[in-house]
Amino acid sequence: MSYLKSVALTVMALTFSAVSNANLLVNGDFEDDVGLTGSRWGVYSSINGWQTYSGPGIEIQRNTIVAAQSGNQYVELDSHTGTDTNSVMYQAIDSLSVGASYELSFWYHARTNNGAANDNGIEVLWGDSLPGATVLDLEGYSRNSNLGWMNFSLDLVATAETMFLSFGATGLDNTLGGFIDNVSLTAVPEPGTLALFAIGAAGLLVGRRRLQS
Ligand SMILES: [Ca+2]
Ligand SMILES: [Ca+2]
Ligand SMILES: [Ca+2]
């Protein structure tokens, strides 16, 4: 492959990835400053991009129990203060295309060895109003299975321009639960968009070939 041809393909690949991979979530990595330093943790009614829907709040841990999957901070939703410690947090996402698919990706880590009692349960909810419907329910994971951080992804369809994505702790309310980190929501390119990119790529290649001949 000629140098120019490979540059053209690289530019197209980068353009395509910029179009399809932009994270639509605010603070999906939970790295925005909440005033934590060192290996500290705190519970917040809201953090940038995310609000508490129920329970005592969003617990941010800064490399406290495990190293973050990405950056320094991650979230535990079996939070701290009160008796019903399992919390739900949500983010509203605007300007979506009704009927379009979006890929949700996030990382999960079990904290305790009590998976049998669903101590580390995390559920994902999605809907055009709160609390939305459960679209994924992680149950039964134990830390002593040594699975570490696990990536989960699923396709979600927008049924309105504004959708609500929520994460909630489930199972034992005991301040110890599943961790989540590095959450992203990205548009899944429609077949028509892919076809346009393919036509564009073919056109560029033909153009190069003509210049070379
Ligand atoms: Ca993070
Ligand atoms: Ca906690
Ligand atoms: Ca728990």
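Modeller: A word on terms before we start: a residue is buried at under 20% relative accessible area, exposed at over 50% and partly exposed in between, using a 1.4 Å probe and protein chains only. This is a predicted model, where local features need pLDDT of at least 70 and side-chain atom pairs count only at pLDDT 80 or more, while totals for chains, interfaces and linings use all residues. Residues are numbered from 1 along each chain as its sequence is written, chains are lettered from A and ligands numbered from 1 in the order in which they are written, and side-chain values use heavy atoms, with hydrogens and water left out.

Colleague: Let's do the metals. What coordinates the calcium ion (ligand 1)?

Modeller: D29 (O), D29 (OD), E31 (OE), S70 (O), Q73 (O), D181 (OD) and D181 (OD), at 2.3 to 3.0 Å. Donors are N, O and S atoms within 2.8 Å of the metal, or 3.2 Å for Na, K and Ca, so every one of these distances fits the calcium limit. Water is not among the atoms, so a site may look incomplete.

Colleague: Where do S70 and D181 sit in the chain?

Modeller: S70 is in the loop between strand 4 and strand 5 (73–76), and D181 is in strand 12, 111 residues away. Strands here are DSSP runs of E, at least two residues long (helices would be H or I, at least four), numbered from the N terminus. Both S70 and D181 are buried.

Colleague: And which are the protein donors of the calcium ion (ligand 2)?

Modeller: E59 (OE), E76 (OE), D78 (O), S79 (O) and T175 (O), lying 2.2 to 2.7 Å from the ion. S79 belongs to the loop between strand 5 and strand 6 and T175 to the loop between strand 11 and strand 12, so this pair ties together parts 96 residues apart in sequence.

Colleague: Why is S79 called buried, and what makes T175 partly exposed?

Modeller: S79 has a relative accessible area of 0%, which puts this residue below the buried limit. T175 comes out at 23%, so T175 falls in the in-between class.

Colleague: How do you know that E76 is buried?

Modeller: Its relative accessible area is 0%, so the label follows directly. E76 is in strand 5, and setting aside neighbours within four places in sequence, E76 is in contact with E59, Q61, R111, T175, L176, G177, G178 and F179. Contact means heavy atoms within 4.5 Å. There is also a polar atom of the E76 side chain 2.9 Å from the backbone nitrogen of G177.

Colleague: What makes the arrangement around the calcium ion (ligand 3) irregular?

Modeller: The six donor atoms subtend angles of 71 to 153°. Six donors count as octahedral if opposite donors are over 155 degrees apart and all others between 65 and 115; four count as square planar by those limits, or as tetrahedral if all angles lie between 85 and 135; anything else is irregular. With 153° at the top of the range, no pair gets over 155, so the site is irregular. The donors are D78 (OD), D119 (O), D119 (OD), L172 (O), N174 (OD1) and L176 (O), at 2.3 to 2.5 Å.

Colleague: Are D78 and L176 buried or partly exposed?

Modeller: D78 has 0% relative accessibility, so D78 counts as buried. L176 has 29%, which means partly exposed. D78 is in the loop between strand 5 and strand 6, L176 in the one between strand 11 and strand 12, so this pair links parts 98 residues apart in sequence.

Colleague: On to the rings. Why is the pair of Y108 and F152 called edge-to-face?

Modeller: Rings of Phe, Tyr and Trp (its six-membered ring) pair if their centres lie within 6.5 Å; planes under 30 degrees apart are stacked, over 60 edge-to-face and the rest tilted. Y108 and F152 are 6.2 Å apart centre to centre with 75° between the planes, so they pass both tests. Y108 lies in strand 7 and F152 in strand 10, so the pair joins parts 44 residues apart in sequence. Both are buried, and both belong to one aromatic cluster with F30, W50, F106, Y141 and F167.

Colleague: What is in the largest nonpolar core?

Modeller: A nonpolar core is a set of buried Ala, Val, Leu, Ile, Met, Phe, Trp, Tyr and Cys residues joined through side-chain atoms within 4.5 Å. The largest has 36 residues, and L104, F106, L165 and F167 have the most contacts inside it. A second, separate core of five residues includes V66, A68, W149 and F179.

Terms used
Polar contact = N/O pair within 3.5 Å; in protein donor to acceptor, adjacent residues only side chain to side chain.
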